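Open the model in your viewer and keep the sequence panel beside it. The stops below go from the whole chain to a sheet and then to single residues.

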Amino acid sequence: MSKKNKDQEDNDTSQAQEEDVEAIEVVDENQEQVESDESQGENLPIELTKVLPNELVIYPLGGRPFFPGMLTPIQVDGSPYYEIIRKALDTPGKMFGIVLSQAEDGKDVFDSQKLFKIGTVARVMESAVDEDKKQVKLLAEGLSRFEIKEIVAPNPPIIAIVVHHEEPSELNDKEADLLKPYTMAVISTLKEILKYDSLYQEQVKMFLSRHNFGEPDRLADFVASMTSSKREELQEVLETLDIRTRLEKVLSLLKKELEMVKLQDKISRQVEESISDNQRQFFLREQLREIQKELGITKDDRTADVDQYRDRLKKLTLTEEVEKKINDELDKLSVLETGSSEYGVTRNYVDWLTSLPWGIFSTDKLEIKRARNILNRDHDGLEDVKKRILEFLAVGTLKGEIGGSIILLVGPPGVGKTSIGRSVARAVKREFFRFSVGGMRDEAEIKGHRRTYVGAMPGKILQALRLKKVANPIIMLDEVDKIGASYQGDPASALLEVLDPEQNVEFLDHYMDVRFDLSKILFICTANQTDTIPRPLLDRMEVIRLSGYITEEKLKIARNHLIKKQLDKNGLDASHLRFSKESLRTIVEGYAREAGVRRLEQKIGSIARKAAVKILEGETETPIRVGQDQVIDFLGKPDYRNEKPFKGIGIVTGLAWTSLGGVTMDIEVVNISGSKPGFTLTGQLGEVMKESAQIAFNHVKSQVKKLGGDHKRLLDELIHIHVPEGATPKDGPSAGIAIATALLSMSKNQIVPRQIAMTGEITLTGQVLAIGGVREKVIAARRVGIRELFLPEANRKDYEEVPDYIRDGFTVHFVKKFSQVAKLVFD
């Protein structure tokens, strides 16, 4: 019997048995076309085996396997899929091999070692190529199975030597009879599935437009592809060459699919019934509510509100004052009309009263070892700060609580003040709430509005307690040095009651009008400087200074925290972008010299964004390695040049402290002969610095002979003192000995022989007084390469508190009088 007649008999039998199935009826509608296609197929002059190449370019798949007889559209965008398809299009038959990879996604898909051995030969039927965008759209047809024997080119595009496994062109009568029961079982199960899910019908119609149910090999492949089986199960079907065994496996998968669609149908019917029941219950409840209202046996909204608030009270531990207040308000609420404006005001007030965490506290986890690990994990450097934090927690451990304390973290922007607060909260396992008081001008933000105002509400402190649902969270007040004041009140003064341990036990919010205990809260404040914080407020805080980072600390922070954070933020990982140690040092020293690491993070983020563009445009291979030279390509010319401090007669390097950290500044003094004797200052100096310069000038002038200078240069000529970078305001007394040394250098007509820096306040009698910001100034000197310093004797203790790794390599002279400075510098 010929294959054609055999197919006709099978299809007729299927049609007779399945008249009620829409998909099977398609057989009659397409039978003529099938026969026509088959007759044309018999007249093909070239057999398929003669045109299948022995060497194929491999298209790896990460999802489900591709079967012979399938048609699929493919769209590729970019490398390496683009090169694979282009190579396939250049072959005579436009053929390529589609093989499933053991890896489901990512670059591992292109690992030739992870490819399965059996795949499908695909032929490009139609294609459209956009070379500029490296895009290809094509329609591929599966032809037959093949087996990889040898990988010729392991890197994309992968090329392999293959052996083809073709299906027999026709079956003899014995084989056909043997496969017929399996074929009918598959068709019968498929019919059951079509009853439950109509989506499968379209796929059946598409199959019947090109094949028929009398082709058991194609039927098995088609049915396997339309199931939702696992990729490994489908690959097992693809690797099964014996048709009978293949049909057995497909029938097993189809039975599982049938059970699944039955379950889906059952769930869908249950959901529909549930929706109908819910609608019915809704209407019945509405009718019941109306009946109860007529009979007077239902609760109105007012009664429901009162019951709700009384239920809340059962979970709270109230003081006698608060309990009486709430009960009075509930009694008032129960007699007010729900439509009145006073009802809304009273209801909101009672809602706030019953929402606060009266007597609800979280349990602290006071373990010093755990706290140290968290601080070390979250922060590199800041060893002295972490030590102070641990000392603070140790005291709390011995006392059994850490509430009632106020910590003030002072330091330049970007040094980690806010993140230190978060780490402390994690270390003790407390709720954390942060808000900024910078620019706050209304005391009602702290103590609440009076209830007589429209839209009145409590202050930020009680809002935080309601949100966190405990009475002992950690509350961070950011930027307390930038708090404002206006005709609406002074928020800084309002904070006195909040932060004073003696007063906040009975904190009174204007809106709540009952006292709440804030003594269990740990307050952490942050500021860039303490000068603008009111003294009474500052006295209530324990100050911990964060002075900034040196280059080595910044490099460590970048490697351990900032790079990973920016890669994640920009959708990249270590396989896309890598930084060398030299590149990070170039960024720190050329673009991010500030005390913190915020600008360093911004620069790393800028490089990551530019790298993302290059990767998507295919301009470079990944990973992109950023070295010292590539930093300039990404960021442009450095913002800072490696300029050494000025050197010459009358020039001395001073050290200053600003809200952004320590800085060095060159002080220049020249004498102008032929001009009227006098003294002039330039460089936008503040009043305190002008006075300091005048004191230094008068002291050097009075002692010039003892110090070995030329008296005439100071008395008979115009003396001009200038501090460069005139656009930057400067103030403070700490430049006194630097100005005096520059004046002495000019009067001696002698250059300062070594690269030194100095700081200290000078008096008229030549005494050298203590200054602040020692650590910041030492870091500034290290940053520019100066290793010899002059500091006041009174600051010796401050210098010894600077960490050893910062002091390493410095020669420091501690002086009490300016005469000591003159002798050490010039003699």
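Of the 827 residues in the protein, 47% are buried. Keep in mind that this is a predicted model. Show the whole protein as a cartoon: there are 30 helices and 24 strands. Among contacts with a separation of 6 or more, 75% join residues 24 or more positions apart. Now switch on the surface. The accessible surface of the protein is about 41600 Å², and carbon and sulfur atoms hold 48% of that area.

**The sheet**

Select E8, E9, E12, E7 and E13, which form an open sheet of five strands in the order E8-E9-E12-E7-E13, with parallel pairing. Which strands are at the edges? They are strand E8 (432–436) and strand E13 (542–545), each of which pairs on one side only. On average, neighbouring strands of this sheet are turned by 20 degrees against each other, direction ignored.

Zoom in on strand E7 (residues 406–410) and E13, where the parallel pairing runs over four bridges. Strands of a sheet pair through backbone hydrogen bonds, so display backbone atoms here. Pick Leu 409 and look across to E13: the bridge partner is Ile 544.

**Helices on the sheet**

Add helix H17 (residues 491–499), which packs on the sheet and touches E7, E9 and E12. The direction of H17 makes about 145 degrees with that of E12. Next select helix H14 (residues 417–428). This helix lies across E7, E8, strand E9 (474–478) and strand E12 (522–527). Relative to E9, helix H14 runs at about 175 degrees.

**Three loops**

Move to the loop between strand E5 (135–153) and strand E6 (158–165), where Pro 157 lies. Show the backbone from Pro 156 to Pro 157: the peptide bond is cis, with omega near -5 degrees.

Then go to the loop between strand E4 (118–130) and E5 and select Lys 134. What is the phi of Lys 134? The angle is near 55 degrees, a positive value in a residue other than glycine. Is Lys 134 buried or partly exposed? With a relative accessible area of 33%, Lys 134 is partly exposed, because this value falls between the 20% limit for buried and the 50% limit for exposed.

The last stop is Asp 513, in the loop between strand E10 (507–508) and strand E11 (515–516). Phi of Asp 513 is near 60 degrees, again a positive value in a residue other than glycine. Asp 513 is partly exposed, with a relative accessible area of 40%.

Methods:
Residues numbered from 1 in each chain as written. Predicted model: local features only at pLDDT ≥ 70, side-chain atom pairs only at ≥ 80, totals over all residues. Heavy atoms only, no water. Helix = DSSP H or I, 4+ residues; strand = E, 2+ residues; numbered from the N terminus. Buried < 20%, exposed > 50% of the residue type's maximum accessible area, 1.4 Å probe, protein only. Contact = heavy atoms within 4.5 Å. Areas by Shrake-Rupley, 256 points an atom, 1.4 Å probe, with all protein chains shown as cover. Pairing = 2+ DSSP bridges. Axes fitted to C-alpha atoms, helices over the stretch in contact; angles between N-to-C directions.
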